[in-house]
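Got your viewer open? Let's take a walk through this one together, one selection at a time.

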Amino acid sequence: MSDLTSVPGTQPLLQPVQLGALKLPNRVVMAPMTRSRADNEELAPTGLHATYYTQRAGAGLIISEGTWVSTDAIGFINVPGIYTDAQTTGWTKVTEAVHSAGGRIVSQLGHAGAASHPDHHGGRLPAGPSAINPHEMSFTPDGPKDSLTPRALSAAEIATTIGTYRQAATNALRAGFDGLEIHAQVSHLVAQFLNPRLNQRTDAYGGSSEKRAQFLLDVVDAVSSVWGSDRIGIKLSPYWNSGTAFTADAEALAEYDQLLRRLDDSNLAYLHLLGPEPDTETDTLTAFTRYRAHYRGAVIANLGFTQASGNELLERQLADAVSFGAPFIANPDLVDRFTHGHPLAADNRDTRFAGGAEGYTDYATMIGSYEECFVRLGCGTHFCGVAGVPQPSAGAPPAQYQRQGWSDSGSMKGSRAACVIPSAS
Ligand SMILES: Cc1cc2nc3c(=O)[nH]c(=O)nc-3n(C[C@H](O)[C@H](O)[C@H](O)COP(=O)(O)O)c2cc1C
């Protein structure tokens, strides 16, 4: 478990925490989110990415969107990589901007493996652990397409792939990130290796659960040789169900228990663990109790958390930090909103994976408390609230301000600009 310096009277999410070598001023982590804004030939992050991440620098830790370690890793359009100089330069601008705003950011390294399509690879089949179709969907330039039966990676290609993670780790270090997270969740390459239905290899990387975990362990070793393991996290999704390949049955969960025990010796910064989907057989507290029984290191909990359920999990010491994905899209100042009890805005799902600045860098930020907002913007003329949230709501302003224009505004929409903090870049 992590070190903790408690601040009396502060909600657990707002307390500082140390995850390996990473010092976080609060436990509200921004989960990695592909936003498909690298709409350029180089698949390089741009100034728009720098603005987006900087707006969210109040997070205890930002985990970047999944970032390709090579061209072979691609499985989704307009997602940036970290395998070229241009990409590394783009990421350098992102990390500098986030650090200037007082934030911390780690790079999530990803590889889609067989969850891809020949359209991403000049007509060549993507590769996975074995020639078995994962029946996943890939977003191609022509829209979503079903995955096909992939090529099986040769032993030499596995060694090359591990080398691309090492090179990506070197690039991430050059780009000024604070650490790395290995994307080992849902249906991507590492999870394909872990999965007995998709990995039917008979070499050092398949045949038993220990051998199916070898690819992940080799990747961890490769990136640790660049960074030191205490700046490396791994995102895993033991309860993931998808298609016919990914089923969180008793056998799969027992294998994850074993994997967690093996990773316990790796001196990682953290494990980033998804709980079960809401309304499924297992509840979140049971899942995180189970994780704690097998892993003594720091845990970032994810999936469907609210401020209340995040605080509860931390109070019970079942995790060290909680990550929020979707809530960070429309609430760049999520930590401030938790601090002041402001309501959360909902994001526009149509712009999650497309849209340039729209639905990316144009979400409103509230300025501190309602009192601060009114003082800074002037009472009566501005509406200090959240775009799109009808009022009054949980975070209604003090009574003296309601006389000054609050209650006669039906919606926050018109005042959106009034509460936006200009971007730092
Ligand atoms: C738009 C979007 C893109 C995502 N992209 C990634 C990704 O690149 N890598 C990853 O590990 N998870 C990705 N996720 C999953 C999130 O990290 C997180 O696990 C999920 O949203 C559940 O957390 P939440 O309930 O707080 O949103 C994505 C989620 C969303 C909503």
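Here is the tour, from the whole chain down to single residues.

Before you click, note that this is a predicted model, where local features need pLDDT of at least 70 and side-chain atom pairs count only at pLDDT 80 or more, while totals for chains, interfaces and linings use all residues. Residue numbers start from 1 along each chain as its sequence is written.

**The whole chain.** Show it as a cartoon and you'll meet 13 helices and 14 strands. These are DSSP runs numbered from the N terminus: H or I of at least four residues for helices, E of at least two for strands. Of the 425 residues, 50% are buried. Buried means 20 or more other C-beta atoms within 10 Å of the residue's own, exposed means 12 or fewer, and partly exposed is in between, with C-beta atoms placed from the backbone.

**The core.** Now select Val29, Leu180, Ile182, Val190, Val299 and Val322: they have the most contacts inside the largest nonpolar core, which has 110 residues. Such a core is a set of buried Ala, Val, Leu, Ile, Met, Phe, Trp, Tyr and Cys residues joined through C-beta atoms within 7 Å. Helix α6 (residues 214-227) gives the largest share, 6 residues.

**Helix α6.** Which residues of α6 are buried? Pick Phe215, Leu216, Val219, Val220, Val223 and Trp227. Look down the axis: these buried residues fall within an arc of 135 degrees (taken from the directions from the helix axis to the C-beta atoms), so they line one face of the helix. They pack against α3 (155-174), β10 (179-183), α4 (189-194) and β11 (232-236). Add Val190, which is in contact with Phe215, Leu216 and Val219, among others; contact means C-beta atoms, placed from the backbone, within 7 Å. Just past the helix, Gly228 has a positive phi of about 85 degrees.

**Around the ligand.** Next, zoom to the ligand. Of the 20 residues around it, Ala31, Thr34, Gly66, Gly325 and Ala326 come nearest; to count as near, a residue's C-beta atom, placed from the backbone, lies within 6 Å. β4 (61-68) and α10 (326-330) are the elements giving two or more residues to this shell.

**Two odd loops.** Finish with two non-glycines that have positive phi: His135, at about 55 degrees, and Leu303, at about 105 degrees. His135 sits in the loop between β6 (127-128) and β7 (137-140), and Leu303 in the one between β13 (299-302) and α9 (307-315). Buried or partly exposed, for His135? His135 is partly exposed, with 18 other C-beta atoms within 10 Å, whereas Leu303 counts as buried, with 20.

Notes
Contact = placed C-beta atoms within 7 Å. Lists of a residue's contacts leave out its neighbours within four places in sequence.
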